[in-house]
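Got the viewer open? Here's a short walk through the model, with something to select at each stop.

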Amino acid sequence: MNHPQEAARFLANAKRAKWHDEALWFVRSKRDMAAADIPEWEQLRQQASQIKAHTIANLKTYLQQFEQKATDLGAHVHWARDASEHNTIVQSILRDHGARRIVKSKSMLTEECQLNPHLENAGFEITDTDLGEWIVQLRNEPPSHIVLPAIHIKKEEVGELFHQKLGTRQGSADPDYLTESARNTLRKSFLQADAAITGVNFAIAETGGIVICTNEGNADMGTGLPGLHIACMGIEKIIPRAEDLALFLRLLARSGTGQPITAYTAHHHGPRPDGQLHIVLVDNGRTEILKQEAFRNSLHCIRCGACMNTCPVYRRSGGHSYGYTIPGPIGSILASARDPKAFYTLPYASSLCGSCTDICPVNIDLHHQLLAWRSEITRQKILPLPKRLAMAALSHLMRRPRLYRLFGAISRSIGRAIPRTLLYCRFNVWGRQRELPPLPKKSFRRMFQQEAARREEKQHEK
Amino acid sequence: MRVGLFIPCYIDQLYPNVGIATVRVLERFGVDVDFPENQTCCGQPMANIGCDRAAAPLAEQFFATFRHYEHVVCPSGSCTAMVRHHYQKYLGHHEGFETLRNSVYELCEFLTDVLHIGPLEGDFPHRVGIHQSCHGLRELRLAESSERVAKPFSKPHSLLESLRGIELVSLSRGDECCGFGGTFAVTQEAVSCSMGNDRIRDHEQAGTEILTGVDMSCLMHMEGLLRRQKKPMRVMHLAEILCQSGAHCR
């Protein structure tokens with residue numbers, strides 16, 4: 001994984017990159033308007049952050065309370081240490097019910113665990129029912145955004161894809177027509193499904209209920225038809241009380257898409273009378289993050305996607321350039337926790353502008369965590385040696401003010417003297433698209449000293 | 001009042017006139033300026049790449065150089081933010097660090113929050129676009145960022161807006177990053193330049209004649225793009241505008 005390379009590839013198609021940037025900026029602008037509707041927005045962020053911090057600090061208690069309450073309601077609660085345990089649990093539940101055809105609504109956790117390939121290899125037929133997710137599934141690629149999985153795909157490409165896969169009219173890119181066709185095809189999947197898998201947006205410790213937010217109602221179509229519902233969630237999705245939910249629902253929808261609330265917000269308290277509800281609680285590295293104080297509050301994330309929409313780097317490099325299930329600023333932090341070596345370019349995929357930190361509805365100090373990961377990457381000697389040596393050398397130079405002055409003066413005179421072709425040789429990465437500043441003859445300190453000397457002389461004369 | 005002047009290394013070496021303009025502005029407002037010779041770099045490039053062991057001695061050097069000043073003034077939001085928000089892990093053990101941290105000001109902050117200068121008198125008959133540099137904006141809070149729901153304000157705007165003849169443009173993305181980001185400008189060259197070009201386009205559409213800001217590093221990046229593309233937009237540090245316009249208190 002090399003983010004700068006992937007980003008450069010994405011940007012090579014300038015027109016498309018501009019379109020991507022503008023599409024996401026539009027979502028960001030909608031979010032700004034939705035947030036501005038709530039004068040106490042900043043207090044809500046603060047409050048949500050405090051609730052999350054409290055919950056994460058008492059995670060064990062709340063998880064056990066949730067298990068108890070959910071079980072009392074008739075749900076089956078399973079615990080998975082990692083992705084592979086999660087996949088095995090889901091597979092065995094499906095097998096026990098003789099289920100083969102599955103409809104799945106959006107769940108970043110199942111993406112993280114690579115559930116689809118696991119089940120497909122085991123002979124199950126799995127259909128992602130969120131329109132965007134389904135489009136990327138048909139294209140056989142991962143989502144590029146956690147809320148807008150197909151944001152990198154243009155409607156003309158969807159038209160072509162649907163023409164090939166569903167037999168829609170060739171050349172038609174009319175969103176209404178394409179959505180209608182998708183709907184008709186997905187209806188069949190819903191009606192034929194033996195089981196529904198969903199994600200979980202919030203799990204309430206106090207009640208044992210789970211809440212699933214969608215804009216398409218596809219999760220509800222799934223859980224409403226077959227009798228078996230498997231809900232998969234990361235253990236950080238827990239909130240203490242039902243009354244906390246209002247706060248998080250407001251923050252989630254407004255931050256994610258600029259809506260006051262998601263179109264469908266389904267509350268499941270135990271299984272349907274005629275069905276079964278299985279809830280799989282997944283750790284998969286979360287307690288490891290919990291142990292690290294510097295990165296702990298990355299577990300506050302409610303997966304709204306606002307940090308992606310606002311990130312000037314994400315908008316210009318696309319979700320796939322990150323090479324991890326969750327892209328953007330929060331994804332770079334979570335990917336680093338997963339494997340700092342494999343993803344070491346991700347904490348550097350940021351200008352540290354801090355827009356993510358200011359937009360995060362649960363006040364995660366995202367850009368400071370990216371910086372903290374850079375320290376960690378250097379401490380673990382993952383950062384390539386030449387870079388570390390260069391920084392050490394620069395530090396030695398800067399610790400010697402006289403040497404620094406000399407080095408500065410010499411560099412500037414060389415820079416002024418050498419021919420342009422040499423100054424802008426291919427090793428000058430800065431100079432590929434940019435001019436270097438004109439190199440002055442005197443440094444500031446020289447000018448300041450000379451001026452001070454002149455003043456003193458004048459005073460002397462007086 | 002006597003202040004210690006903290007001139008970032010790249011201003012010292014590449015933009016001496018910005019440093020001189022800062023001195024002139026401070027003196028015009030009755031401040032005596034000391035320039036301690038032992039200063040070089042605050043260590044931000046090393047810290048931002050994660051090389052704390054390379055950055056720490058420079059934080060120490062800064063501490064030794066500036067600890068005895070009641071006020072330290074710097075014409076850069078980013079370098080000021082480095083001291084205020086990122087020195088803790090290098091200097092937290094020093095008695096007196098807290099005092100130093102609170103004594104370091106970015107130039108606009110110093111003028112508005114310490115000197116409390118009111119509306120300025122001066123002439124600058126140009127269309128000016130302000131680039132809100134991210135660290136000044138979101139670390140020092142020189143202005144309210146567009147992400148937060150709060151009463152808008154901007155110290156750079158309030159310093160310039162009363163100058164005679166000045167027209168401050170409004171942008172479609174008022175505070176998006178220009179993509180400089182220190183070593184990011186080189187390690188992520190493609191993204192960095194794309195971000196810079198987008199800022200420039202926004203300023204062009206707004207009719208910016210002179211592009212200004214509190215961080216010469218961001219301006220250096222955009223100036224580099226402008227000059228390569230032979231565009232007429234000029235770049236000036238905010239201190240240079242204050243200096244050239246003859247800005248003084250009413």
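What should the 13 residues of helix α13 (residues 216-228) of chain B span at 1.5 Å a residue, and how far apart are its end C-alpha atoms? Select the helix and check: the expected span, 1.5 Å times one less than the number of residues, should be 18 Å, and the end C-alpha atoms are 18 Å apart, which agrees. Bear in mind as you click around that this is a predicted model.

Stay on α13(B) and show what surrounds it. Of its 13 residues, 11 are buried, so the helix is largely enclosed by the rest of the structure. The buried set starts with Met216(B), Ser217(B), Cys218(B), Leu219(B) and Met220(B). It goes on through His221(B), Met222(B), Glu223(B), Gly224(B), Leu225(B) and Leu226(B). Then step past the helix to Lys230(B), which follows it and has a positive phi, near 50°.

Next, colour chain A by domain. Domain 1 comes in two pieces, 1-32 and 304-383, while domain 2 covers 38-284 and domain 3 covers 385-461. Put a distance between the C-alpha centres of domain 1 and domain 3 of chain A, and you should get 33 Å.

Now for the interface. Select the residues of chain A that touch chain B: there are 60 of them, in contact with 58 residues of chain B. On the chain A side, helix α19 (residues 385-398) gives the most, with 7 residues. That side divides into 34 nonpolar, 12 polar and 14 charged residues.

Two helix pairs across the interface deserve a zoom. Start with α22 (residues 444-461) of chain A and α2 (residues 16-28) of chain B, whose axes come within 8 Å and cross at roughly 45°. The two helices are therefore oblique to each other. Show side chains for Phe444(A), Met447(A) and Phe448(A), which meet Pro16(B), Gly19(B), Ile20(B) and Val23(B). By class, this contact has 6 nonpolar residues, 1 polar and no charged ones. As for the spacing along a helix, an α-helix has 3.6 residues a turn, so residues three or four places apart point the same way.

For the last stop, pick α1 (residues 3-12) of chain A and α12 (residues 189-206) of chain B. Their axes are 8 Å apart and they pack at an angle of about 45°, which makes α1(A) oblique to α12(B). Here Ala7(A), Ala8(A) and Leu11(A) meet Ala190(B), Val191(B) and Ser194(B). The class count for this contact is 5 nonpolar, 1 polar and no charged residues.

Note on methods:
Residues numbered from 1 in each chain as written. Chains lettered and ligands numbered in written order. Predicted model: local features only at pLDDT ≥ 70, side-chain atom pairs only at ≥ 80, totals over all residues. Axes fitted to C-alpha atoms, helices over the stretch in contact; angles between N-to-C directions. Helix = DSSP H or I, 4+ residues; strand = E, 2+ residues; numbered from the N terminus. Parallel < 35°, antiparallel > 145°, perpendicular 65-115°, else oblique. Contact = placed C-beta atoms within 7 Å. Nonpolar A, V, L, I, M, F, W, Y, C, P; charged D, E, K, R; others polar. Domains from an automatic or database assignment. Buried ≥ 20, exposed ≤ 12 C-beta atoms within 10 Å, placed from the backbone.
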